[in-house]
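Reader: I am new to this structure and would like a close look at one part of it, the place where the ligand sits, and then at whatever can be said about the rest. Please explain each term when it comes up.

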Amino acid sequence: MAGSTPRVLIVSGPSGSGKSTLVQNLHGVPGLTFSISSTTRPRRLTESPGKCYDFITEAEFKRRIDSGEFLEYAQVFGRHWYGTPRKQLDDARRAGLDLVLEIDVQGARQVKQKLPEAIAIFIVPPSRQDLERRLRSRGQDADEAIARRLEGARQEIASSAEYDFVVVNDDLERASDELRAIAVASRCRRRDNDERLRKILESFGGS
Ligand code: 5GP
């Protein structure tokens, strides 16, 4: 799509909902590009710089906020800062690709305010018990951190009313299919197809 803003797909969900894996499984869908966020979080050993995130200092993050470089930004879990550079939108528009943002609920709210036509998808675990099992099996967090993430998940699910779609991740295969289907079907929205319809109408010899 070559308009002034590319189509934007927002994917959010509680920590441990499996949203990163689901977004990973979107990679085969043609016409999509994936935003790279800036963050002040330290890089994990499994992450290559510039691929998952642009890892920057707090001072640099603040500089970029002040110079208006972010489409949205937020402090996640009251700790590190994360933001989507506006440049990601420009690059996607130039390339004619739909932009996928994997961001938290605070960021999603900001994007929806600025770009109301963005498509917001919320990934949820099937139950609290399932989420707790997943968080424990990652072996990443102590009991206290797990309790904090579960409470965070409850709050996020309770405040998910502004999302357009919900994908319940009880089965990875099915949930991946649903997310891919949303990405593809959202291109057929009437309001995104004025130009195509105009050309088709033209082929009928008039307007
Ligand atoms: P992690 O540190 O585990 O990669 O990500 C932690 C959380 O930050 C996840 O919920 C992720 O979706 C969110 N996040 C990642 N990038 C951004 C961003 O650019 N903006 C916002 N608002 N949240 C982000």
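Author: To sort the residues by character, Ala, Val, Leu, Ile, Met, Phe, Trp, Tyr, Cys and Pro are counted as nonpolar, Asp, Glu, Lys and Arg as charged, and the others, Gly among them, as polar. The model is a predicted one, in which local features need pLDDT of at least 70 and side-chain atom pairs count only at pLDDT 80 or more, while totals for chains, interfaces and linings use all residues. Residues are numbered from 1 along each chain as its sequence is written, and side-chain values use heavy atoms, with hydrogens and water left out.

The ligand is surrounded by 15 residues, of which S37, R41, Y53, E72 and Y82 are the closest; a residue counts as near the ligand if one of its heavy atoms lies within 4 Å of it. By character, this shell consists of five nonpolar, four polar and six charged residues. Two strands, β5 (70-76) and β6 (80-85), each contribute at least two residues to the shell; strands are DSSP runs of E with at least two residues, helices are runs of H or I with at least four, and both are numbered from the N terminus.

Three side chains can be followed to individual ligand atoms, with a polar contact taken as a pair of N or O atoms within 3.5 Å (within protein, one must be able to donate a hydrogen and the other to accept it, and residues adjacent in sequence count only if both atoms are side-chain atoms). E72 has a side-chain N or O atom 2.8 Å from a nitrogen atom of the ligand. Y53 places a side-chain N or O atom 2.6 Å from an oxygen atom of the ligand, and for Y82 the distance from a polar side-chain atom to a ligand oxygen is 2.5 Å. Taken alone the ligand exposes 520 Å², and the protein buries 88% of that, these areas coming from the Shrake-Rupley method with a 1.4 Å probe, where for residues only the protein chains shown count as cover.

Between β5 and β6 runs a loop that holds F77. The phi of F77 is near 55°, a positive value in a residue other than glycine. Most residues other than glycine have a negative phi. F77 counts as exposed because its relative accessibility is 51%, where exposed means over 50% relative accessible area, buried under 20% and partly exposed in between (1.4 Å probe, protein chains only).

Beyond the ligand, the whole structure contains 31 salt bridges, each being a side-chain nitrogen of Lys or Arg within 4 Å of a carboxyl oxygen of Asp or Glu. In helix α3 (residues 86-95), K87 and D91 lie four residues apart, about one turn of the helix, and form a salt bridge whose closest N and O atoms are 2.8 Å apart. K87 is exposed, at 54% relative accessibility, whereas D91 is partly exposed, at 30%.

Helix α5 (residues 128-137) holds R128 and E132, again four residues apart, with 2.9 Å between the closest N and O atoms of their salt bridge. R134 pairs with D130 at 2.8 Å, and because these two are four residues apart in helix α5, about one helical turn separates them. R134 is partly exposed, with 23%, but D130 counts as buried, at 14%. Elsewhere, R7, D98, R187, R189 and D192 are linked in a network of salt bridges.
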